[in-house]
Amino acid sequence: MTYINSQPKYVRKLNSVTKQPLGLRERNRLRTRDEILVAMSVLLGERSFESITIDDVSQRAGVSRGTIYTYFPDGRDQLVRDAYLRIAEKVSATGAERRAQHTTVTDRIIGLATALVDVAITPEGRFYGMIGSALFGPLGGVTGTASSSFRTMLTEDLGHAKLEGQLSPELLVEDTVVLVAGALREIGATAAREPDRAPQLLQTLRKACEALFPAPVR
């Protein structure tokens, strides 16, 4: 199983403020919490949320029901919300890192897409890719975390591309962002269902971007 290691924001903030390494007890506590969220994430990639019980999660994580309620007192609803937000934060952060490594608009878009696909093809991230923009039960109001940050980055990059003459004057930045963001969601969902298609999907996205955003003539 691929394990997505991502400390919660509050942990990173605490570390940056105190500049002290976490003690063994705190590290073990965070590890247990992550293991529970991994178990929930994998189960969500295998079957519907409604069919998953706390006993299922405890057996998959190798902890007791009591331990789960210690970390997640609201039960399944809190588990699925935290599992979703944990992976969304990972996708957003990784996408930003990969985008920053490139200068062309096409390469920066591929950086975002690759970050999403690399998560969606793992057992832990499969449910995240498949959810897309859908809302259900406890996820109502929390989905779209990474999508929002991706749209912000796309708006910046496509705005710059238009200034550089890489975007046709007939195309509006806002509309093109909707188009590209939609393509990213579909690629993530398809890769989650059919991981073997991921390389070809990314290659096709690259070709489409190269057609949309030709290099400016100097």
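**Close-up 1. The lining of the largest cavity is a mix of nine nonpolar, four polar and two charged residues.** This is a predicted model, so keep that in mind for every view here. The cavity itself has a volume of about 190 Å³. Looking for others? The structure holds one cavity of 30 Å³ or more.

**Close-up 2. Here are the residues closest to the centre of the largest cavity.** Of the 15 residues that line the cavity, L116, Y128, S147, L184 and R185 are the closest to its centre.

**Close-up 3. Several helices help to build the lining of the largest cavity.** Two or more residues each come from α5 (76–100), α7 (126–131), α8 (145–163) and α9. Which of the elements gives the most to this lining? That's α9, with five residues.

**Close-up 4. Helix α9 (residues 173–193) pairs up with helix α10 (residues 198–212).** Their axes come within 10 Å and cross at roughly 170 degrees. Angles over 145 degrees count as roughly antiparallel, and that's why α9 and α10 get this description.

**Close-up 5. Zoom in on the contact between α9 and α10 to see who meets whom.** On the α9 side you'll find L179, A183, L184, I187, T190 and A191. Facing them from α10 are A198, L201, L205 and L212. Sorted by class, this contact has nine nonpolar residues, one polar residue and no charged ones. Spot L184 again: this α9 residue takes part in the contact with α10, and L184 is also among the residues closest to the centre of the largest cavity.

Methods:
Residues are numbered from 1 along each chain as its sequence is written. This is a predicted model: local features need pLDDT of at least 70, side-chain atom pairs count only at pLDDT 80 or more; totals for chains, interfaces and linings use all residues. Side-chain values use heavy atoms; hydrogens and water are left out. Axes are lines fitted to C-alpha atoms, for helices over the stretch in contact, and angles run from 0 to 180 degrees between N-to-C directions. Helices (H or I, at least four residues) and strands (E, at least two) are DSSP runs, numbered from the N terminus. Angles under 35 degrees count as roughly parallel, over 145 as roughly antiparallel, 65 to 115 as roughly perpendicular and the rest as oblique. Contact means heavy atoms within 4.5 Å. Ala, Val, Leu, Ile, Met, Phe, Trp, Tyr, Cys and Pro count as nonpolar, Asp, Glu, Lys and Arg as charged, and the others, Gly among them, as polar. On a 1 Å grid over the protein atoms alone, a cavity is a set of points where a 1.4 Å probe fits but cannot get out, and a pocket is an open set with protein on both sides within 12 Å along at least five of seven lines; lining residues have an atom within 4 Å of a point. Grid points are joined across faces, edges and corners, and a volume is the space filled by probe spheres set on the points.
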